[in-house]
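Trainee: Could you take me through a close look at one small part of this molecule? I'd like to see how a single residue fits into its surroundings.

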Amino acid sequence: MDLTRASLLREMLTGTELGTQTRDFGHSLRRYTTRNRGLMLFGPVDEEPWHLTAHLDDELHRAGVESIRPSLIRWAPPPDAPPHLAIGLDRLRDAGRGESLLVVAEEDPADTLLERISDVRRRGTTIFSIGNGDKELMSLSHEVLTPELLVPDGFGWTSRPVSYEHEEPEFAPQPAATDLDASPYGEGFEMAQHLVTLAAADEDAGQPAWRRRLRTAIERLGGEPA
């Protein structure tokens, strides 16, 4: 799913539960990350979220939001990795208040991953997670997003839990925003990540909740906010 398709899909989902959840999740990433370069992404050893990190970085840079451009935390960066893919577990030991850890785990997380997350949470870091509803990960997270795939049911759209298999290379360079391709029934998990990425880069994402609600109300009445 490329950026254009994700943007169109976001417009289609405006007002739906999935659209609202991904928007609020992305906005919270902005609000709760108050330290410079305080947004970190983390995941399982064999599925590090380098792709989401790259898309978030691209969108935040495009939106001029340089202060929270994300860092990918890796379990064992290769010695020859470029700087943006060479940040290891030591970064988690330095995490604290004003920072956010976004955990992406499509499968049930291993105990080693959960232990790292728990340690970071105890230091005051806000934990966000995109996962499959695993209870242990949810209990460690301040905000949770469990993506579902929208499919036609003959009467409109219905949802089903996202479950599909895919492989990513052990190490890969930062991709361009148009490199993300998936099968129609394998897009659910990645689709939600694209929607969160777009939401995090919203112009009003860092504004207080009451201002966002006012803006939404004005737009629904057909006017444009000042």
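Mentor: Happily! Glu-136 counts as partly exposed because its relative accessibility is 47%, and that label covers values between buried (under 20%) and exposed (over 50%), found with a 1.4 Å probe and protein chains only. This is a predicted model, where local features need pLDDT of at least 70 and side-chain atom pairs need 80 or more, while totals for chains, interfaces and linings use all residues. Numbering starts from 1 along each chain as its sequence is written, and side-chain values use heavy atoms, without hydrogens or water.

Glu-136 sits in helix α6, which spans residues 135–140; helices are DSSP runs of H or I with at least four residues, strands are E runs of at least two, and both are numbered from the N terminus. Together with Glu-107, Asp-108, Asp-111 and Glu-115, Glu-136 forms a negative surface patch. Members of such a patch have over 30% relative accessible area and no salt bridge, with like charges joined within 9 Å; a salt bridge needs a Lys or Arg side-chain nitrogen within 4 Å of an Asp or Glu carboxyl oxygen.

For contrast, look at Thr-126, which is buried because its relative accessible area is 15%. Thr-126 lies in strand β4, residues 126–131. Beyond neighbours within four places in sequence, Thr-126 is in contact (heavy atoms within 4.5 Å) with Tyr-32, Glu-99, Ser-100, Leu-101 and His-142.

Stepping back, the chain has eight helices and seven strands, and 48% of its 226 residues are buried.

Methods. Patches are made of residues with over 30% relative accessible area and no salt bridge: like charges are joined within 9 Å, nonpolar side chains (Val, Leu, Ile, Met, Phe, Trp, Tyr) within 5 Å. Accessible areas come from the Shrake-Rupley method with a 1.4 Å probe; for residues, only the protein chains shown count as cover. Lys and Arg count as positive and Asp and Glu as negative; His and the chain ends are not counted. The place of a charge is taken as NZ of Lys, CZ of Arg, CG of Asp or CD of Glu.
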